[in-house]
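Colleague: Got a minute to go through this one with me? I've got a few quick questions.
Modeller: Sure, pull it up.

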Amino acid sequence: MPNQIHTLIESCKKGNQLAQMQVYDQYAKAMFTVACRYLDDIEEAKDAMQEGFLKAFIHIDKYEPTATFGAWLKRIVINQALDTLKKRKLELVDDTVDNLQVIDDDNWQFDSTITKADILLAVESLKDKYKVVVKLYLIEGYDHEEISEILNIPVKTSRTQLRRGKQKLRELLNPHYNEARY
Amino acid sequence: MKQDIRDLFKEEETFQALPNNHREEFLTKLQSQPKRKSHVFYWIGAVAVAVVVLVLGFNLANTAATTQNTSSVLAQIEAVEAKYLKDIEKEWQSFVALTEDERLVERFKVRLNELDKDYQEISSQFNQDSNNIAVIESLVENLQTRLKLLKDIQEHIKILNQNNEQNEKSI
Amino acid sequence: MLIISAATYGQRHQVLRESIAVNKNSSIVLNFENIYVALEESTDGKIHFDYRLEFEGYSKKQIKSTLDGLKAEVTNANNIVNLDAKSHSQIAFQSFTLVSEHGLYIDDDFIGSKSDTVIRKSKDSLLQQIRKNNRLLWSKNSPQYINGRFKKIDKDGNLSNIRKGDVDIMRSVFVIRVPPFVSLNINAKNSGIHFLNNLQNELSIAIRKGTLKTKALFNNYNVIRIDDASFEAEGIYGGHYDFKNVKNGKIGSIEQAKIDSEFSEIEIGEMGKNTVITDFNSEYWFYNWSDFFDRFNLYSEYSKIHFFYPERNHSLKVIGNNTKNFLGNGDFQISMQPTSKGEKYTMMIKEPNSEETLSGRIYFDIIHGIIYSHSDYIKKINH
């Protein structure tokens, strides 16, 4: 399979529309799913996904096999989705960061009874500025270097936002807290 | 019992369903992308100065090196010119071979001569002012016009000569 | 020459400023070479010339060199007002001098690519294209314009935006205000001429290279020759037009006019009354027809015609030989009179509907031609 995509990419570089459509067919569902994580509206997510493909084809000369094509494409699609959000002037990142030393808290241990669905629901209810960083880290699996590039923020800000977002998640997902509500 | 929730997100997720017609829609978007031609023009000397005049189109051939001196730019332009002239001659020959219409050939000869005269004028301008992008563009535009002229008329003649296809009717 | 230093970064030079009273019998002769100029209407019976250059970032030496290569003189004798405006180097609406050590990336996307499928443009949409393609708009938003077209290249080959400090701008503002009753003779080489108002003046225009952009031109005695230049007119009413190697020609609507053309590409938004076109090897688009266009004649050889059928009742007669007719975006092909021994035959006739009023008759006398017919009307009959 890696060989197949490699040949397709070479054809795409030459502007071969047939190859481009094959690439689209192969990755559209996955990319759409990614876009849906950031954009509620299905039409918006679809547009962002398709714009992402178009951009990828335009810049396909820049693709290097150091990353998988899917990962490279995903990055472009995410950027596109975030651009759509930015257009709505959502405050994605809070620039005020403490000058305190940020200790990287690598603890993501949560109660086992908590399901993926619970977590996704909780993430949705986070403030925008935490939500995006948490999604990029937790769901997409990017590290802070990558997140800082995508959002164009300092690495320290990324760490801080993630820490605060994770803290908030703990509050929302705390079973004792939830029990107390009922 | 605890779990690292990051593990929950490592597996493949089920996909979201795309709206119908998404493929056709994308195909349309793809087809309406403009063909991008990027022209990189590397200039001469320590400080590169490019005087750009808005009116003309930009159709410079792709040149590759980083720093060059004047004579090298000149050599490149001459190479471009040589290639075009060769192609133009080739197309002229195949055009003349393609048609029996003397009047057509005559008219095209006149037109090409006019363009050639233009070209001589632009060339002398270039000799006086070889730093001027506008003049270089005029040169290339002239060459391209001649080539396109010959290619288009041959295509036109070929369409006229096309033999019957399945759908054809004669009136 | 007055040198005025503006309060801002730039410098302004008045090249020419003059006003001359004229009457019905005056004639105006304007000669341009490498000049950009706009013509407007004058309402006080005088012709006004106003030509200034604005420089941003240019050194005194550069400015002097530009001004030295520029001549703009008006003479007035025997009721003929004569202007000679000539520049040694190109002076566009704006010239940019870009400084970039490692090169420039030029995106020539903005020339515009032709799409493959031909669709019928309404008269209004063609007019919009003509109005939108306006360099005056570009000059108001230079940074955006520049960054849309050019980028700097650094030593690693990365692209970056061009900043204000990188660009030296020279702006040419040349306006001539002309009263509506004088005749105008314009000879232009490699210049850009823009008529900002409708003109009723009798025009005799010969331009070679450059561009001519007009609003509506009304005068039966107009004689306009365009050679190797771009031409956009919102409307043509009367006159004789000669087009040679006119690429991307656009005419919003045309009436009562005669066109002689060769090697050109012309789009016509609406064909009006009594127009005649004689052509060799051009490509034409006849998008729409006015309600009562009466008669249209085309004489052509080796032309490509994109013909959109009139919506109203009309007749069509095509005579000639060796012509192909493609219907419906090339799906269906008709070979008309393939033999081409010089004789002309009737190739196609479409009679009008006798019960409806006739909007007009179309005559094509066409040899070695290719006609692309587009019509919803035909599709309805076939399906």
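Colleague: Where in chain B does pLDDT stay under 50, say around the 160s and 170s?
Modeller: Over residues 164-171 of chain B. The model has 12 contacts for that stretch beyond four places in sequence, a contact being two residues with C-beta atoms, placed from the backbone, within 7 Å. pLDDT is the predictor's confidence in each residue, from 0 to 100.

Colleague: And what's the mean pLDDT of chain B?
Modeller: The mean is 73, with 68% of residues at 70 or more. Residues 36-69 of chain B are also below 50, with 84 contacts in the model beyond near neighbours in sequence.

Colleague: What are the ground rules here?
Modeller: It's a predicted model, so local features need pLDDT of at least 70 and side-chain atom pairs 80 or more, while totals for chains, interfaces and linings use all residues. Residues are numbered from 1 along each chain as written, with chains lettered from A and ligands numbered from 1 in the order written.

Colleague: Switching to chain A: is A:D111 buried or exposed?
Modeller: Partly exposed, because it has 15 C-beta neighbours inside 10 Å; buried takes 20 or more, exposed 12 or fewer, with C-beta atoms placed from the backbone.

Colleague: Which residue is A:D111 paired with at 9.6 Å?
Modeller: A:R170, C-alpha to C-alpha, and those two are 59 residues apart along the chain.

Colleague: Last one: which residues does C:I226 contact?
Modeller: Leaving aside neighbours within four places in sequence, C:I207, C:L212, C:F231, C:D242, C:F243 and C:V246.
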